[in-house]
Amino acid sequence: MSLSQIKLERYSRQIVLPQIGKDGQEKLLFSKVIVVGVGGLGALVSLYLAEAGIGVLGIVDNDNVELDNLNRQVLYFEEDIGKLKVEIAKKKLQKINSEIKVISHHLRLDKNNILEIIKDYDIIVDCTDNFDSRFLINDACVANKKTLVHGAVLGFEGQVTSIVPGKSPCYRCLFDKEPPQGTISSCREAGVTGAVAGIVASIQSAEALKLILNIGTPLIGELLTFDALAMSFRKVKIPKNPNCPACSI
Ligand SMILES: [Zn+2]
C-alpha cells in the first residue's frame, strides 16, 4: 500500500526525517498503541500519537473531567467539565486526525479485564497516577510480552523508562513492592504543573515512536529522571532483579 497524497502531505514533516521516511510512516499507520489514563500525561501522549498517525489508538480512563484537571490536561476545555474523559478525548483526537481509529475504553483496568483490553495492542503507554495500576500494567505486559512505556510525574520531577519483556528489567525490578500507604504523596497532595507533566508525556511519546520504528536508543533497562527546577536530567541503569516476581519467572 502506498501513502495517499493527503497522507504524504499530513505527515510530510515526519516523512522527511531520514529515520522515518515513507516506510516508517506506514509502520506508524499500521501500529496499535493504547494509552492508559488520559490525565496529565495521557492527554498529551494520546494527542501526539494521534498527530503522528498511530493507526489504532486506544485510550482507557474511568474519570470525568474536573475543573482542577485544566491546569495540565490539554485535551479538555471548560465546557467539558463533568463529561467522561474518554468520550471527550476520543472526539477531540478524531477531530485532530480523522484518518486513524481511536477506541475508547471507559473503565478502570483491573486483573479481570486487563488482558482482554491490551491483547490487541503492540505498545502500552502507562500514564496512570498510582502504584496499583502501574504494577498491574507491568505484570500483564511482562506476562504477555507487550512493550510498555512507563512515565510518572510528581511536583517538579519526572521519570520515564521503556520495558521490553525478555530484553529488559521491568517495573517490579525497579520497585519490588508498593510503598506503604502515606509514604509517597499523590499529585493531588504534592501538586503538578502542566509544563512538567508535558515533559514526561513528550518523552513517553518519543519513546513509543522510537519503539515502533525501531530507531535510536529507547530507554530499555534505563530510568530517565529529571528535576525541572534544576533542569537536570539523569539516566540510571535499572538492574534486573533475579528474584523479580514478574519477570524472573
Ligand atoms: Zn522484573
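Helix axes are lines fitted to C-alpha atoms over the stretch in contact, and the angle between two of them runs from 0 to 180 degrees between N-to-C directions. In the predicted model described here, helix α4 (residues 42-52) and helix α10 pack at an angle of about 40°, with 8 Å between their axes. Angles under 35 degrees count as roughly parallel and those of 65 to 115 as roughly perpendicular; the arrangement of α4 relative to α10 is therefore oblique. The crossing of these two helices is right-handed. On the α4 side, the contact involves Leu44, Val45, Tyr48, Leu49 and Ala52, which meet Gly198, Ala201, Gln204, Ser205, Ala208 and Leu209 of α10.

A second helix, α5 (residues 85-96), also packs against α4, the axes coming within 9 Å and crossing at roughly 30°. This pair is therefore classed as roughly parallel. The contact is formed by Ala43, Ser46, Leu47, Ala50 and Glu51 of α4 together with Ala89, Leu93 and Ile96 of α5. As with α10, the handedness was assigned, and α4 passes α5 in a right-handed crossing.

The burial of α4 was examined next. Of its 11 residues, 9 are buried, so the helix is largely enclosed by the rest of the structure. The buried positions are Gly42, Ala43, Leu44, Val45, Ser46, Leu47, Leu49, Ala50 and Ala52. After α4 comes Gly53, with a positive phi near 95°. The UniProt record, in an unreviewed entry, places a "transmembrane region" at residues 29-50. In the model, the C-alpha atoms at the two ends of residues 29-50 are 10 Å apart, and the span is 45% helix and 23% strand.

The largest nonpolar core contains 61 residues, and Val33, Val35, Val36, Ile124, Val125 and Ala208 have the most contacts inside it. Helix α10 (residues 194-213) supplies the largest share of this core, 10 residues. In soluble globular proteins, nonpolar side chains tend to be buried together. With residues up to four places away in sequence left out, Val125 touches Val33, Val35, Val36, Val45, Val149, Gln204 and Ala208. Among these partners, Val45 of α4 and both Gln204 and Ala208 of α10 also take part in the contact between the two helices.

Several residues outside these packed helices were also examined. Ile215 is located in the loop between α10 and β7 (222-227). It is partly exposed, because 14 C-beta neighbours lie inside 10 Å. The contacts of Ile215 beyond four places in sequence are with Gln19 and Lys210. Ile215 and Ile20 are separated by 195 residues in sequence, yet their C-alpha atoms are 8.5 Å apart.

Leu107 occupies the loop between β3 (101-106) and α6 (114-118). With 13 C-beta neighbours inside 10 Å, Leu107 is likewise partly exposed. Leu107 touches Val60, Asn62 and Asn113 when residues up to four places away in sequence are not counted. The C-alpha atoms of Leu107 and Asp129 are 15 Å apart, with the two residues 22 positions apart along the chain.

Gln5 belongs to helix α1 (residues 5-10). Having 8 other C-beta atoms within 10 Å, Gln5 is exposed. Gln5 and Leu219 are 214 residues apart in sequence, and the distance between their C-alpha atoms is 34 Å.

Backbone geometry was considered last. Most residues other than glycine have a negative phi. Lys145, a residue other than glycine, has a positive phi near 55°. Lys145 sits in the loop between α7 (131-143) and β5 (147-154), and is exposed, with 10 other C-beta atoms within 10 Å. Met231 also has a positive phi without being glycine, the value being near 50°. The position of Met231 is in the loop between β7 and β8 (232-237). Met231 is exposed, as 9 other C-beta atoms lie within 10 Å.

Definitions and conventions
Residues are numbered from 1 along each chain as its sequence is written. This is a predicted model: local features need pLDDT of at least 70, side-chain atom pairs count only at pLDDT 80 or more; totals for chains, interfaces and linings use all residues. A nonpolar core is a set of buried Ala, Val, Leu, Ile, Met, Phe, Trp, Tyr and Cys residues joined through C-beta atoms within 7 Å. A residue is buried if 20 or more other C-beta atoms lie within 10 Å of its own, exposed if 12 or fewer, and partly exposed in between; C-beta atoms are placed from the backbone. Helices (H or I, at least four residues) and strands (E, at least two) are DSSP runs, numbered from the N terminus. Two residues are in contact if their C-beta atoms, placed from the backbone, lie within 7 Å. UniProt positions are given in the numbering used here, feature names are shortened, and annotations may be inferred rather than shown by experiment. Angles under 35 degrees count as roughly parallel, over 145 as roughly antiparallel, 65 to 115 as roughly perpendicular and the rest as oblique. A crossing is left-handed if the near helix is turned anticlockwise from the far one by less than a right angle, and right-handed if clockwise.
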